[in-house]
Amino acid sequence: MTIQTVDPRALRDAFGAFPTGVTVVTACDGEGNPIGFTANSFTSVSLNPPLLLVCLAKTSRNFATMTGAQHFAINVLSETQKDVSNTFARPVEDRFAAVEWAKGTAGCPIFSNVAAWFECAMEEVIEAGDHVILIGSIESFDNSGRNGLGYARGGYFTPTLASKAVSAAAEGNLELAAVVERRGEVLLLGDDVLFLPSIDAHDGNPTEMLEKYLETSTGLKVSIGFLYSVYEGKSDGKQHIVYHAVAGDGEPASGRFLKADAISGAQFKTSSTADIVNRFAMESSIGNFGVYFGDETGGKVHPIPAKGAKA
């Protein structure tokens with residue numbers, strides 16, 4: 001795109017193509033109260049002297065406190081801390097009640113179970129358009145060895161999950177499936193026993209592969225949406241990745257769309273399919289979706305954030 005008149009949303013989406021880690025930046029206000037916000041605009045600057053930087057929007061409610069702070073900390077979130085990221089990305093009143101933390105040497109909040117943390121003296125605040133760049137001189141730090149939480153194109157990813165998916169695809173043990181929705185109804189295959197449309201993955205882009213399969217098999221225009229469920233199938237030894245998808249108008253060449261009341265009494269091919277479809281029917285009724293991570297017998301549903309991580 002030629003830079004003449006810049007569309008801020010398009011530019012933000014383009015920036016989002018670059019995968020980053022996720023951090024929570026913390027400090028204390030003049031009265032000693034902890035403050036913090038989620039940021040992925042963080043990077044190392046120098047080893048000698050030890051410096052790092054993070055960018056802060058001038059519209060942030062933490063702007064005055066952060067730019068006036070003598071010290072601040074960077075908490076690099078681990079791949080199990082999506083909930084922490086979501087909490088500190090939203091205008092929650094008592095954010096710190098939802099996380100275990102302690103004060104560092106300089107008094108900044110340091111979170112438990114993070115991948116790493118850095119406590120810094122404020123070195124410099126640099127003007128940079130609608131943001132400022134906070135340069136921190138690192139006074140103390142720790143590295144837990146945990147994998148960091150990843151973020152790209154408005155969604156989270158985890159290194160462990162990514163490596164498992166790549167290995168599973170290489171070994172032919174990765175299955176892609178979709179909860180294909182149209183106006184609240186879900187596309188299901190089978191007659192007496194129902195199942196989701198699915199395909200065994202191989203080398204290539206999984207969403208493009210799944211979208212092509214769905215459009216070819218149903219004859220409908222299908223758009224792949226958000227990640228909906230990731231689980232390890234103990235009975236079949238496969239890694240399963242399920243996406244939400246939306247179908248266009250028309251009669252499907254295979255399968256049929258069923259309403260929530262018909263789904264509730266249906267028989268499914270596997271218990272995991274039943275769990276996925278019934279959860280989707282429930283979440284559709286309240287308009288609040290989540291992503292399941294776990295296996296066939298147990299796991300956790302992580303709420304899908306209304307907005308992505310940002311400074």
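How far apart in the chain are E283 and R279, and which helix holds them? They are four residues apart in helix 7, about one turn of the helix. The legends below visit this pair and several other places in a predicted model.

**Figure 1. The whole chain gives us our bearings, with seven helices and 22 strands in its secondary structure.** Welcome to the overview. Of the chain's 311 residues, 42% count as buried. Among contacts with a separation of 6 or more, 64% join residues that are 24 or more positions apart. The surface the chain exposes comes to about 16,100 Å², and carbon and sulfur atoms supply 52% of that area.

**Figure 2. In helix 7, E283 and R279 form a salt bridge.** The closest N and O atoms of the two residues are 3.2 Å apart. Both E283 and R279 are buried. While you are in this helix, which spans residues 271–286, look also for T273. T273 has 10% relative accessibility and therefore counts as buried, the cut-off being under 20%. Setting aside neighbours within four places in sequence, T273 is in contact with F195, L196 and F268.

**Figure 3. The largest nonpolar core brings together 21 residues.** Within this core, V25, M66, F72, I74, F118 and L134 touch the most other members. Several strands give two or more residues to it, including strand 2 (23–28), strand 6 (71–76) and strand 10 (131–143). Strand 9 gives the most, with four residues. A good place to rest your eye is L134: not counting residues up to four places away in sequence, L134 touches L52, L53, V54, L56, M66, T67, F72, M122, E124 and V125. Elsewhere there is a second, separate core of 20 residues, with V180, L187, M209 and V291 among them. As background, nonpolar side chains tend to be buried together in soluble globular proteins.

**Figure 4. Strand 2 and strand 3 pair side by side in the antiparallel sense.** Six bridges join the two strands. One of the pairings to find is T26 with its bridge partner G36 in strand 3. Between the strands of this hairpin lie five residues, and G32 takes a positive phi near 85°. Is strand 3 largely enclosed or largely open? Five of its six residues are buried, so strand 3 is largely enclosed by the rest of the structure. Strand 2 and strand 3 also appear among the elements that give two or more residues to the largest nonpolar core.

**Figure 5. E175, D200 and K238 are linked in a network of salt bridges.** A search of the whole structure finds six salt bridges. In the one between K238 and E175, the closest N and O atoms are 4.0 Å apart. This pair links distant parts of the chain, with K238 in strand 18 (residues 238–247) and E175 in strand 13, 63 residues apart. Why does K238 count as buried? K238 has 18% relative accessibility, and buried means under 20%, so K238 falls in that class. E175 counts as buried too, at 18% relative accessibility.

**Figure 6. E215 and K221 meet through their side chains in a salt bridge.** The N to O distance here is 3.6 Å. Are these two residues buried or exposed? E215 is partly exposed, with a relative accessible area of 24%, whereas K221 is exposed, with a relative accessible area of 60%.

**Figure 7. R183 sits in the loop between strand 13 and strand 14.** Strand 13 covers residues 174–182 and strand 14 covers 185–188. With 68% relative accessibility, R183 counts as exposed. For a landmark elsewhere in the sequence, find K259: R183 and K259 are 76 residues apart along the chain, and their C-alpha atoms are separated by 9.3 Å.

**Figure 8. V6, L11 and F15 make a nonpolar patch on the surface.** The area of this patch is about 280 Å². F15 belongs to helix 1, which runs over residues 8–15. At 60% relative accessibility, F15 counts as exposed.

How values were computed:
Residues numbered from 1 in each chain as written. Predicted model: local features only at pLDDT ≥ 70, side-chain atom pairs only at ≥ 80, totals over all residues. Heavy atoms only, no water. Patch = residues over 30% accessible without salt bridge, like charges linked within 9 Å, V, L, I, M, F, W, Y side chains within 5 Å. Areas by Shrake-Rupley, 256 points an atom, 1.4 Å probe, with all protein chains shown as cover. Buried < 20%, exposed > 50% of the residue type's maximum accessible area, 1.4 Å probe, protein only. Contact = heavy atoms within 4.5 Å. Core = buried A, V, L, I, M, F, W, Y, C linked by side-chain atoms within 4.5 Å. Pairing = 2+ DSSP bridges.
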